[in-house]
Amino acid sequence: MEFLFIGLAVGAVLAYFIFARFNKEKSKLKTNEQSLVIMDKIRSVCKFITVEGDFSEVYHYENLKEKYLSLLLGKKKAIVLVNAKAHVGFDLSKVRMNSENEKRTIVLTNFPQPELLTVETDFKYYDKREGWANPFTTSDLTDINRDAKNYIVDKIPQSGLLDQARKEALDTILLMEKIVETIGWKLDYTALTLEDKNQAKIEK
């Protein structure tokens, strides 16, 4: 009877340690899954627009590729009014972060520079002149639209939109913090530095 009692006691102790170990591993796995889910959730936001700018520019086109042919067949010219809407923000798929599971903390180690995400354009043609035997083709119009769009894109760095978006980086990080807090975790960005001219440290 005594040996039976000792056997039951030893069995209970072993069962306790096995159960505790199982629970610990299960909890660790759940914590790992939580951190992966929240980081994927942040990246799923992907491209986050923070600044929008409107542009209206006049683009002058003249066919110079076929210079000598144009002398014979007539020049093609056009004045194009380009209205564009540029969206600048952050590509959150480029965010680098890691998790400290024991502290239930996501550590943000790198935040991307603002970039041009999309440009919506509308073209209106004025003073469109064709050569007597040198009409505009579909390919010509495609090239003009592409070049006119690039003309706008080239002006964006000097427009101040990127600088404005850079100033709003903290608002974007705070949004990420809210996402992290939805599952009871914390976002640590105290050591984060934006890669700009001043290398300014992000402060809460």
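How many bridges join strand 4 to strand 6, and do they run parallel or antiparallel? I looked there first. I found 3 bridges between strand 4 (residues 105–110) and strand 6, and the two run parallel.

**Ground rules**

I am reading a predicted model, with residues numbered from 1 along each chain as its sequence is written. Local features need pLDDT of at least 70, side-chain atom pairs count only at pLDDT 80 or more, totals for chains, interfaces and linings use all residues, and side-chain values use heavy atoms, with hydrogens and water left out.

**Overall layout**

I counted elements next. The chain has 5 helices and 6 strands. I take helices (H or I, at least four residues) and strands (E, at least two) as DSSP runs, numbered from the N terminus. Along the sequence I read the pattern α-β-α-β-β-β-β-α-α-α-β. The chain has 204 residues, and 30% of them count as buried. For accessibility I use relative accessible area: buried is under 20%, exposed is over 50%, and partly exposed lies in between (1.4 Å probe, protein chains only). I also checked contacts, meaning heavy atoms within 4.5 Å. Among contacts with a separation of 6 or more, 75% come from residues 24 or more positions apart.

**The sheet with strands 3, 4 and 6**

I went back to my opening pair. Strands 4 and 6 belong to an open sheet of 3 strands, in the order 3-4-6, with mixed pairing. I count two strands as paired if DSSP finds at least two bridges between them. Strand 3 (96–100) and strand 6 (186–188) are the edges; each has a single partner strand, so one side of each is left without a neighbour in the sheet. The twist averages 25° from one strand to the next. I take angles between N-to-C directions, from 0 to 180 degrees, with axes as lines fitted to C-alpha atoms, for helices over the stretch in contact. Helix 5 (residues 169–181) packs on this sheet and touches strand 4 and strand 6. The direction of helix 5 makes about 145° with that of strand 6. I also noted one facing pair: Ile-106 stands opposite Leu-187 in strand 6.

**The sheet with strands 1, 2 and 5**

I turned to the other entry on strands. This open sheet has 3 strands in the order 1-2-5, and the pairing is antiparallel. Strand 1 (47–62) and strand 5 (115–129) stand at the edges with a single partner strand each, so one side of each has no neighbour in the sheet. Neighbouring strands here are turned by 10° against each other on average, direction ignored. Strand 2 (residues 77–91) is joined to strand 5 by 12 bridges. Within that pairing, I found Val-119 in strand 5 as the bridge partner of Ala-86.

**Val-80**

Is Val-80 buried or exposed? Val-80 is buried, with a relative accessible area of 0%. I place Val-80 in strand 2. Leaving aside neighbours within four places in sequence, its contacts include Val-58, Tyr-59, Phe-123, Tyr-125 and Ile-144. His-60 is 20 residues away along the chain, yet the C-alpha atoms of Val-80 and His-60 are separated by 6.3 Å.

**Salt bridges**

I searched the whole structure and got 9 salt bridges. Each is a side-chain nitrogen of Lys or Arg within 4 Å of a carboxyl oxygen of Asp or Glu. Asp-54 pairs with Lys-85, with the closest N and O atoms 2.7 Å apart. This pair links distant parts of the chain, 31 residues apart: Asp-54 in strand 1 and Lys-85 in strand 2. Asp-54 is exposed at 59%, and Lys-85 is partly exposed at 26%. Glu-52, Asp-54 and Lys-85 are linked in a network of salt bridges.

I then looked at Asp-143 and Arg-146, which meet at 3.1 Å, N to O. They are 3 residues apart in helix 3 (residues 138–155), about one helical turn. Asp-143 is buried at 18%, whereas Arg-146 is partly exposed at 42%.

**Asp-91**

Which side chain of opposite charge is nearest to Asp-91? It is Lys-94, 4.4 Å away; Asp-91 is buried yet has no salt bridge. For charge, I count Lys and Arg as positive and Asp and Glu as negative, and leave out His and the chain ends. Asp-91 sits in strand 2. I did find a polar contact of 2.6 Å between the side chains of Asp-91 and Ser-93. A polar contact is a pair of N or O atoms within 3.5 Å; within protein, one must be able to donate a hydrogen and the other to accept it, and residues adjacent in sequence count only if both atoms are side-chain atoms.
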